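Student: Before we look at individual side chains, could you take me through the reasoning that stands behind the labels used for a model like this one?

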Amino acid sequence: MHLINKAGLEKVHNSIKPFIHRTPVLTSQLLNEICEAELFFKCENFQKMGAFKMRGATSAILNLTKEQQKRGVVTHSSGNFAQALSLAAKSLGVKAYIAMPKNAPQVKKVAVLGYDGIITECESNAVAREKAAKEIQQKTGATFVHPSNDDDVIYGQGTAAIELLEDYQDLDYIFTPVGGGGLLAGTILAAINFSEKCKVIAGEPANADDAYRSLISGKIELNETTNTIADGLRTNLGDRNFPIIKEYVERIVLVKEDEIIEAMKLIWERMKIIVEPSSAVSFAALIKHKNNIKGKKIGLILSGGNIDVSNLPF
């Protein structure tokens, strides 16, 4: 398996810098005391379009040829990546076509349209989404960009951890959520290349535990259920990111729904910032795992803040 080197990741980071925010890193004395460790929260909830996915989407479009960019890009997504690809495409003067399930939240459809994304509605299942994206490809010649199983997307997502490690070079661990695996694989690549000792631990909802089971079986397992409040983590791993995760992730910690809600509540109450449930999964995993990390310096990636505030779990 060929892994990108430090120079390659730096090139990706430099190329996307004009189109993304360098998000702040926040700390909380109270949360440090609760976890008996030093915590550094990388706030991708403050990223453009409200999530880390802006990084990978921008990286993927920049790596297309001029000819491909002219024909546009297409993806299937019910939420954050639909918004990320639409905004990244708009920033770069490229058309974005999005296959979106009919039952995707209206607020997310409105956001995609606001970024000039061209929506094709489809049924809410993987087969229908893929079929709709293929039909758009055939009609327009647009290039398909997968939300998490694409090398350029993975490298782009890793830039959040690069910034974190530039700011705090002596981190012992970085905690990140895992859904489709793009953020986790990218964070691992950043840790390997930008730190001597930093290990990566992932949090995953127990109700959508495909990555945890994949690590045990050594092959990609699919979700048997996806009944989790962390709607951004209901997707499965892919063949581009799983080999990196399988070889290098320190461990995957499963968290229950009430643990996710409790972690989310703590961040809202104590840090005064808005994060979505998927973001809180990394913090829930850290709380659950805290006996093993006492006194350590720990980075956490708060992956996004796109939430329907009229439908909060607390």
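Tutor: The model is a predicted one, and a residue in it is called buried when its relative accessible area is under 20%, exposed when that area is over 50%, and partly exposed in between.

Student: What makes Arg 55 count as buried or exposed?

Tutor: The relative accessibility of Arg 55 is 0%, and the cut-off for buried is under 20%, so Arg 55 counts as buried.

Student: Why is the contact between Arg 55 and Glu 163 called a salt bridge?

Tutor: The term requires a side-chain nitrogen of Lys or Arg within 4 Å of a carboxyl oxygen of Asp or Glu; the side chains of Arg 55 and Glu 163 meet at 2.9 Å, N to O, and therefore the pair satisfies the definition. The two residues belong to distant parts of the chain, with Arg 55 in helix α3 (residues 53–62) and Glu 163 in helix α9, 108 residues apart.

Student: Which residue meets Glu 163 in a salt bridge at 2.7 Å, N to O?

Tutor: That partner is Lys 42, which lies in strand β2 (residues 38–43), whereas Glu 163 sits in helix α9 (residues 159–167), 121 residues apart. Set against the limit of under 20%, Lys 42 is buried at a relative accessible area of 0%, and Glu 163, at 2% relative accessibility, counts as buried too.

Student: What makes Lys 288 and Glu 259 a salt bridge, and how do their accessibilities classify them?

Tutor: Their closest N and O atoms are 3.2 Å apart, which is within 4 Å, so the pair qualifies. Lys 288 lies in helix α14 (residues 277–288) and Glu 259 in helix α13 (residues 257–271), so this pair ties together parts that are 29 residues apart in sequence. Lys 288 has 43% relative accessibility and counts as partly exposed, and Glu 259, at 26%, likewise counts as partly exposed.

Student: Which residues are joined into one network by salt bridges that share partners?

Tutor: Lys 42, Glu 44, Arg 55 and Glu 163 are joined in this way, in a structure that holds 19 salt bridges.

Student: How do you know that α10 is largely enclosed by the rest of the structure?

Tutor: Of the 13 residues of α10, 12 are buried, so the helix is largely enclosed; among them are Gly 182, Leu 189, Asn 193 and Phe 194. Helix α10 (residues 182–194) reaches 18 Å from its first C-alpha to its last, close to the 18 Å expected at 1.5 Å a residue.

Definitions and conventions
Residues are numbered from 1 along each chain as its sequence is written. This is a predicted model: local features need pLDDT of at least 70, side-chain atom pairs count only at pLDDT 80 or more; totals for chains, interfaces and linings use all residues. Side-chain values use heavy atoms; hydrogens and water are left out. Helices (H or I, at least four residues) and strands (E, at least two) are DSSP runs, numbered from the N terminus. The expected span of a helix is 1.5 Å times one less than its number of residues. Buried means under 20% relative accessible area, exposed over 50%, partly exposed in between (1.4 Å probe, protein chains only).
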